[in-house]
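Okay, thanks everyone, let's get going. I'll put the structure up and walk you through one corner of it.

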Amino acid sequence: MDAVSYSGFRRELRGYMRKINDDAETLIVTAKDPEDTVVVMGKHDYDSMQETMRILSNPYLMEKLRRGDAQIAAGKAKQHDLLTDFDDD
């Protein structure tokens, strides 16, 4: 994770936004007052992190994941062909 000062970030905002989105990296923007320091990340990465946190905090979904992992570990998983909305079947 890179860090840049607030003034450097402001000066090169467009370039930093492009780099953050292209590289899927977060950026720490520092300020004189440490309480004003922020972390900048792309929206796609933020949405992904939020979804992960939602799943991890949901006991029902986590139990389903654990059950699936146990089935895979026990060799009870089956591979299926991918279905698409445009299949005529």
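Let's start at Ala 24, which sits in the loop between H2 and S2. Helices here are DSSP runs of H or I with at least four residues, strands are runs of E with at least two, and both are numbered from the N terminus. Before I go on, the housekeeping: this is a predicted model, so local features need pLDDT of at least 70 and side-chain atom pairs count only at pLDDT 80 or more, while totals for chains, interfaces and linings use all residues. Residues are numbered from 1 along each chain as its sequence is written, and side-chain values use heavy atoms, with hydrogens and water left out.

Back to Ala 24: its phi is near 55°, a positive value in a residue other than glycine. Ala 24 is partly exposed, at 47% relative accessible area. For the cut-offs, buried is under 20%, exposed is over 50%, and partly exposed is in between, with a 1.4 Å probe and protein chains only.

In that loop, between helix H2 (13–23) and strand S2 (27–30), we also find Thr 26. Is Thr 26 buried or exposed? Buried, because its relative accessible area is 19%. Skipping neighbours within four places in sequence, Thr 26 is in contact with Met 1, Asp 2, Val 39, Val 40 and Met 41. Contact means heavy atoms within 4.5 Å.

Now the strands. S2 is joined to strand S1 (residues 2–5) by four bridges, and those two run parallel. On the other pairing, three bridges join S2 to strand S3 (residues 38–40), and that pair runs antiparallel. Two strands pair if DSSP finds at least two bridges between them. For a concrete example on the S1 side, Asp 2 has Leu 27 as its bridge partner in S2. On the S3 side, Ile 28 stands opposite Val 39. Val 39 and Ile 28 are eleven residues apart in sequence, yet 4.5 Å apart in space, C-alpha to C-alpha. Val 39 itself is exposed, with a relative accessible area of 53%.

So which S2 side chains go where? Leu 27 and Val 29 point to one face and are buried, while Ile 28 and Thr 30 point to the other and are not. That fits the general picture, because in a regular strand the side chains alternate between the two faces of the sheet.

Leu 27 and Val 29 turn up again in the largest nonpolar core, together with Val 4, Phe 9 and Ile 20. By core I mean a set of buried Ala, Val, Leu, Ile, Met, Phe, Trp, Tyr and Cys residues joined through side-chain atoms within 4.5 Å. Val 40, in strand S3, touches Phe 9, Ile 20, Leu 27 and Val 29, among others, not counting residues up to four places away in sequence.

Last thing, the hole. There's one cavity of 30 Å³ or more, with a volume of about 60 Å³. A cavity is a set of points on a 1 Å grid over the protein atoms alone where a 1.4 Å probe fits but cannot get out, and lining residues have an atom within 4 Å of a point. Points are joined across faces, edges and corners, and the volume is the space filled by probe spheres set on them. The lining is Asp 2, Tyr 16, Lys 19, Ile 20, Glu 25, Thr 26 and Leu 27. H2 gives the largest share, three residues.

Definitions and conventions
1 Å grid on protein atoms, 1.4 Å probe; cavity = no way out; pocket = protein on both sides within 12 Å on 5 of 7 lines; lining within 4 Å.
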